[in-house]
Amino acid sequence: MIQNVQIEGIETIVQADAEQASRTVAQLIADQIGRKGDSVLGLATGGTPVQAYRQLIEMNRRGEVDFSAVTSFNLDEYIGLDGAHPQSFRAFMNEHLFDHVNIDRARTFVPDGCADDVAAHCAKYESMIDAAGGIDLQLLGLGHNGHIAFNEPGSPRDSRTRQVDLTPQTIQQNARFFDSIDEVPCHAITMGIATILAARRIVMLATGKGKAEAVARMLQGPIGEDHPASLLRRHDHVTVVLDNAAAGALHLE
Ligand SMILES: O=P(O)(O)OC[C@H]1O[C@](O)(CO)[C@@H](O)[C@@H]1O
């Protein structure tokens, strides 16, 4: 059964399972593009959004969503992996979305994990987002430790796109995408918390029991940099979409 509740002022949609939650997120993205054909989307990687991207591909095939004028900026990329590396986030986006919809590849942006001058590249990424008019809708996943993009606990709320170190926990979590944990890069480029909070609308998708504690802390715990996702409560247009399992630790009336 679908529940639509306000928690601490955040619209929270709880669906029965990950499939339904992903369908909701795909519909929110399609509605955004329907309202504004040349929307600027902020996109996420990780296991969570894959089903939502699959839904968008189906909707695009059925003519229900048109990506031809969309611009996209991805949240993050591993340092040291170029876009041709199968575990790069550029390759992930090509495989799970861009190769299958009518988006103009020249308007899809992912940070360059092999940039010679990382600081200059990060500053340029910020100015490209500004030049595109800012992000209309930012899709987010949620790390088990509350990270958003690669903003690990302790990341400053005024942070912008920059190079960061990954925590051992995140490296461990993401090892499932690599042949061995030794292949997981220890550093990444990530949009900052302030970059994310500058989006006009934020849609967070979290599914599965493993995210339940992080979800409860995000929505009902103290707001602070030690749980970066809790800072989303400082934004006035966030929608959190969950399945029942991820909503399991919330206190719902
Ligand atoms: O969706 P997953 O695979 O659980 O990952 C959660 C979060 O962790 C990251 O993959 C980074 O470790 C984010 O991109 C994502 O939002």
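This briefing covers the sheet, one helix, the annotated active-site residues, the ligand shell and two backbone outliers of the structure above. The model is predicted. Eight strands form an open sheet with mixed pairing. An unreviewed UniProt entry annotates residues 18-237 as "domain: Glucosamine/galactosamine-6-phosphate isomerase", and its "active site" annotation covers D76, N145, H147 and E152.

**Annotated domain**

- Over residues 18-237, helix accounts for 33% of the chain and strand for 14%.
- The C-alpha atoms at the two ends of this range are 22 Å apart.

**Sheet**

- The strand order in the open sheet is β1-β2-β11-β10-β7-β3-β4-β6.
- The edges are formed by β1 (3-7) and β6, each of which pairs on one side only.
- Strand β10 (residues 201-206) is mostly covered, with five of its six residues buried.
- On one side, β10 pairs with β7 in the parallel sense over four bridges, and L139 stands opposite V203 of β10 in this pairing.
- β10 also pairs with β11 (residues 238-243), again in the parallel sense, over five bridges.
- V203 of β10 stands opposite T239 in β11, as well as facing L139.
- Elsewhere in the sheet, β3 and β4 are joined in the parallel sense by four bridges, with G42 standing opposite F73 in β4.

**Helix α3**

- Helix α3 spans residues 89-96, and its buried residues are F89, R90, F92 and M93.
- These buried residues fall within an arc of 160° when seen down the axis of α3, so they line one face of the helix.
- The buried residues of α3 pack against β3 (40-43), β4 (71-74), β5 and β6 (108-109).
- F89, one of the buried residues of α3, is also among the contacts of the annotated residue D76.

**Annotated active-site residues**

- D76 lies in strand β5 (residues 76-78).
- D76 counts as buried because it has 21 C-beta neighbours inside 10 Å, where the threshold is 20 or more.
- Beyond its neighbours within four places in sequence, D76 is in contact with F89, P111, A149, F150, A188, I189, T190 and M191.
- N145 is in the loop between β7 (137-140) and β8 (162-165), and H147 is placed in the loop between β7 and β8 as well.
- N145 is partly exposed because 18 other C-beta atoms lie within 10 Å, below the 20 needed for a buried residue.
- H147, by contrast, is buried, with 24 other C-beta atoms within 10 Å.
- Residues up to four places away in sequence aside, N145 touches E152, P153, T167 and Q169.
- With the exclusion of residues up to four places away in sequence, H147 touches E152, P153, T170 and P228.
- E152, itself covered by the "active site" annotation, is thus on the contact list of N145 and on that of H147.
- H147 and A245 are 98 residues apart along the chain, and their C-alpha atoms are separated by 19 Å.

**Ligand shell**

- The ligand is surrounded by A44, T45, G46, G47, T48, G141, L142, G143, F150, T170 and N174.
- By residue class, this shell comprises three nonpolar residues, eight polar residues and no charged ones.
- Two shell residues recur among the contacts of annotated positions: F150 of the shell is in contact with D76, and T170 of the shell is touched by H147.

**Backbone outliers**

- Most residues other than glycine have a negative phi.
- E8, which is not a glycine, has a positive phi of about 50°.
- E8 is located in the loop between β1 and β2 (10-15), and is partly exposed, with 13 other C-beta atoms within 10 Å.
- A149 likewise has a positive phi, near 50°, in a residue other than glycine.
- A149 is found in the loop between β7 and β8, the loop that also holds N145 and H147.
- Unlike E8, which is partly exposed, A149 is buried, with 28 other C-beta atoms within 10 Å.
- A149 is also one of the residues in contact with D76.

Notes
Residues numbered from 1 in each chain as written. Predicted model: local features only at pLDDT ≥ 70, side-chain atom pairs only at ≥ 80, totals over all residues. UniProt positions renumbered as here; feature names shortened; annotations may be inferred. Buried ≥ 20, exposed ≤ 12 C-beta atoms within 10 Å, placed from the backbone. Contact = placed C-beta atoms within 7 Å. Arc of directions from axis to C-beta. Near = placed C-beta within 6 Å. Nonpolar A, V, L, I, M, F, W, Y, C, P; charged D, E, K, R; others polar. Pairing = 2+ DSSP bridges.
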